[in-house]
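Got your viewer open and a selection box ready? Let's walk through this model together, one stop after another.

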Amino acid sequence: MNPSTAGSQLGQPNTTAIVFFLLFVGITLAITYWAARRTKTTSEFFAAGGNISAVQNGFALAGDFMSAASFLGIAGLVATSGFDGLIYSVGWLVGWPVVTFLIAEPLRNLGKYTFADAVAYRLKQTPVRLSAAVGTLTVVIFYLIAQMVGAGNLIHLLFGLSYEMAVITVGAVMILYVLFGGMIATTWVQIVKAVLLLGGASALAVAVLWKFGMNPAALFSEAARMYGPEVLAPGKLVANPLETISLGVALMFGTAGLPHILMRFYTVPDAKAARTSVFYATGLIGFFYLVTFVLGFGAAVLVGRQGITAVDKGGNMAAPMLAEVVGGTGFLGFISAVSFATILAVVAGLTLSGAAALSHDLWSHVVRKGHAPESEQLKVARLASLLLGVLAVILGVVFKGQNVAFMVGLAFAIAASANFPALLLSMLWRGFTTRGAVASMLTGAFSAVLLIFLSPTVQVELLGNASAPFPLKNPGLVTIPLSFLVGWVVSLLSPEDEASRRFAEVQHRMHVGALLPPPVVTPPGPAGSVPPGIPEAPRKV
């Protein structure tokens with residue numbers, strides 16, 4: 001089977017894409033209007049009032065996690081690199097069992113709006129929340145840059161808009177979602193996006209398999225005939241075993257440390273719903289990654305690697321070009337609009353998590369010491385959302401034309417190195433202290449940034465140097481153990497009696513979802529009498 005040589009419509013205005021795009025924006029703005037009337041408190045703004053069901057949250061988690069990098073990037077990697085492109089999807093997917101069994105239920109029971117709530121539960125609030133905000137905002141900003149630059153390039157190619165106008169459009173619509181609708185609007189935007197993305201990708205995969213008699217083996221055989229049997233074997237994209245392990249652990253534990261993913265566990269009524277929602281999300285995301293594998297090989301066979309890289313060197317347009325080949329410009333328009341919806345939903349989730357760090361962690365607990373009234377917290381949250389949205393647009397324009405792949409890697413490396421170790425240690429180790437938490441989070445964040453800067457990704461690929469001081473492209477293999485080690489050593493050197501005493505309370509609340517009842521109080525009575533105890537009823541979360 002010969003790759004299609006038909007002229008692509010990419011880069012020219014596509015009427016179908018514009019119609020679907022306007023339809024999606026119209027529906028989601030209607031959702032935002034509906035949600036704005038129900039968003040009156042900080043609980044509703046940050047956590048949808050805890051009224052999202054497990055199934056709804058599962059779809060929203062999937063929508064929040066399945067970014068443009070997942071849809072366009074993995075399909076492009078598989079198309080240009082073969083089997084090795086699957087390492088990213090496997091790494092991201094394997095992170096979800098970690099979230100299910102270690103993170104979801106304890107986080108829901110210990111926290112309120114952000115992961116810093118859980119880390120700081122038995123520790124000193126101000127230093128822990130300051131350090132957590134550093135990691136959260138660094139992850140959010142680098143992730144936002146990657147999404148906004150990706151949006152600019154994508155919409156420039158798919159809609160014919162200028163790069164700057166594309167970035168401003170994404171930023172403006174996202175600000176409307178978050179500013180007025182908060183988590184309620186963001187959740188439903190993510191659910192709609194997840195349904196569209198799963199439906200569009202599945203339809204595209206079926207269209208590809210239809211050309212091969214609905215037989216995936218025939219598709220893989222054709223790919224092996226065209227590009228050699230090595231296309232079905234690992235080793236082309238990541239040949240160094242240490243590089244493979246480092247990338248894998250960063251993707252796996254980074255998933256369990258992404259602030260916008262962790263924040264979603266506070267939108268459900270209880271810990272069981274949090275755990276169940278991860279179960280649904282894992283199934284949806286796993287299915288989606290299997291589909292992208294078919295799309296990648298389908299693009300390699302039906303479009304051809306030369307055609308893909310001629311339009312975009314990184315191969316990110318493989319899926320839209322495949323849609324054009326199998327379904328014409330109408331299908332291209334639909335997949336283009338779905339890609340745009342993907343970016344909007346992810347950017348909204350990122351902005352909301354950044355606003356929570358600024359408003360809930362920094363303003364309410366550090367500046368106001370927990371005494372900020374509800375109306376003030378909500379006002380600060382909306383102002384933070386607006387500032388982050390404007391910042392995202394500015395950074396998207398400033399970083400135009402830059403290779404942003406390292407920014408996504410940096411976001412995952414920071415999440416895995418700064419957020420995950422401190423979160424896990426705070427929940428599982430009695431001896432973890434405030435200084436240990438601060439040292440762990442700051443070490444993870446700064447070492448990840450430093451080693452990424454010294455890596456071949458920046459030094460060789462971006463700056464054009466002959467070699468790099470640090471040999472690995474992703475620093476996870478070094479920075480994650482380093483963060484655990486620093487947190488452990490500093491905690492041993494600075495014991496904290498209060499934190500140790502409250503560990504039993506943390507364990508009880510993690511598993512039961514309620515505070516421990518206080519000791520039985522025996523009021524004074526006549527000599528020799530033993531009156532009954534008067535315990536206070538445990539308070540439910």
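What follows is a tour that starts with the whole chain, moves through helices, and ends on single residues.

**The whole chain**

Keep in mind that this is a predicted model. Colour by secondary structure to begin with: the protein has 21 helices and zero strands. Now switch to colouring by accessibility, where 57% of the 541 residues count as buried. If you draw a contact map, look at the pairs at least 6 apart in sequence: 83% of those contacts join residues at least 24 apart.

**Stop one: helix 1 against helix 8**

Two packed helices are described by the angle between their axes and the distance between the axes. Select residues 15–36 for helix 1 and 163–210 for helix 8; their axes come within 8 Å, with a crossing angle of roughly 105 degrees. Angles of 65 to 115 degrees count as roughly perpendicular, so that is the word for how helix 1 sits relative to helix 8.

Next, show side chains at the crossing. On the helix 1 side, pick out Phe21, Phe24, Val25, Thr28 and Trp34, among others. Facing them from helix 8 are residues including Val173, Leu176, Tyr177, Phe180, Ile184 and Trp188. What kinds of residue make up the contact of helix 1 with helix 8? Colour by residue type and you get 18 nonpolar, four polar and no charged.

**Stop two: Ala48 and helix 3**

Jump to Ala48, in the loop between helix 2 (42–47) and helix 3. Most residues other than glycine have a negative phi. Ala48 has a positive one, about 55 degrees, although it is not a glycine. Its relative accessibility is 5%, so Ala48 counts as buried.

Follow the chain into helix 3, residues 54–65. Put a distance between the C-alphas of its first and last residues: the twelve-residue helix reaches 16 Å, close to the 16 Å expected at 1.5 Å a residue. Is helix 3 largely enclosed or largely open? Nine of its twelve residues are buried, so the rest of the structure largely encloses helix 3. To see them, select Ala54, Asn57, Gly58, Ala60, Leu61, Ala62, Gly63, Asp64 and Phe65.

**Stop three: Met214**

Go to the loop between helix 8 and helix 9 (216–227), where you will find Met214. Check its backbone angles: Met214 is not a glycine, yet its phi is positive, at about 55 degrees. With a relative accessible area of 41%, Met214 is partly exposed.

**Stop four: Ala372**

Select Ala372 in the loop between helix 14 (318–367) and helix 15 (374–398). Relative accessibility here is 9%, so Ala372 counts as buried. Leaving out residues up to four places away in sequence, Ala372 touches Trp363, Ser364 and Gln377. For a distance label, join the C-alphas of Ala372 and His360: 9.7 Å in space, twelve residues in sequence.

**Stop five: Ser426**

Helix 16 (residues 405–428) is where Ser426 is found. Ser426 is buried, with a relative accessible area of 4%. Which backbone oxygen lies 2.8 Å from a polar atom of the Ser426 side chain? Turn on polar contacts and you will see that it belongs to Leu423. Then show what else surrounds the serine: beyond its neighbours within four places in sequence, Ser426 is in contact with Ala118, Val119, Arg122, Phe432, Phe503 and Val506.

**Stop six: Gly444**

Move on to helix 17 (residues 434–453), which holds Gly444. Gly444 counts as buried, with a relative accessibility of 0%. Its contacts, apart from residues up to four places away in sequence, are Ser417, Ala418 and Ser483. Now label the C-alpha distance from Gly444 to Gly135: the two are 8.4 Å apart in space and 309 residues apart in sequence.

**Last stop: Ser494**

Finish in the loop between helix 19 (476–493) and helix 20 (497–501), with Ser494 selected. At 12% relative accessibility, Ser494 is another residue that counts as buried. Its side chain reaches the backbone oxygen of Val490 at 2.7 Å. Setting aside neighbours within four places in sequence, Ser494 is in contact with Thr433 and Arg435.

Definitions and conventions:
Residues are numbered from 1 along each chain as its sequence is written. This is a predicted model: local features need pLDDT of at least 70, side-chain atom pairs count only at pLDDT 80 or more; totals for chains, interfaces and linings use all residues. Side-chain values use heavy atoms; hydrogens and water are left out. Helices (H or I, at least four residues) and strands (E, at least two) are DSSP runs, numbered from the N terminus. Buried means under 20% relative accessible area, exposed over 50%, partly exposed in between (1.4 Å probe, protein chains only). A polar contact is a pair of N or O atoms within 3.5 Å; within protein, one must be able to donate a hydrogen and the other to accept it, and residues adjacent in sequence count only if both atoms are side-chain atoms. Contact means heavy atoms within 4.5 Å. Axes are lines fitted to C-alpha atoms, for helices over the stretch in contact, and angles run from 0 to 180 degrees between N-to-C directions. Angles under 35 degrees count as roughly parallel, over 145 as roughly antiparallel, 65 to 115 as roughly perpendicular and the rest as oblique. Ala, Val, Leu, Ile, Met, Phe, Trp, Tyr, Cys and Pro count as nonpolar, Asp, Glu, Lys and Arg as charged, and the others, Gly among them, as polar. The expected span of a helix is 1.5 Å times one less than its number of residues.
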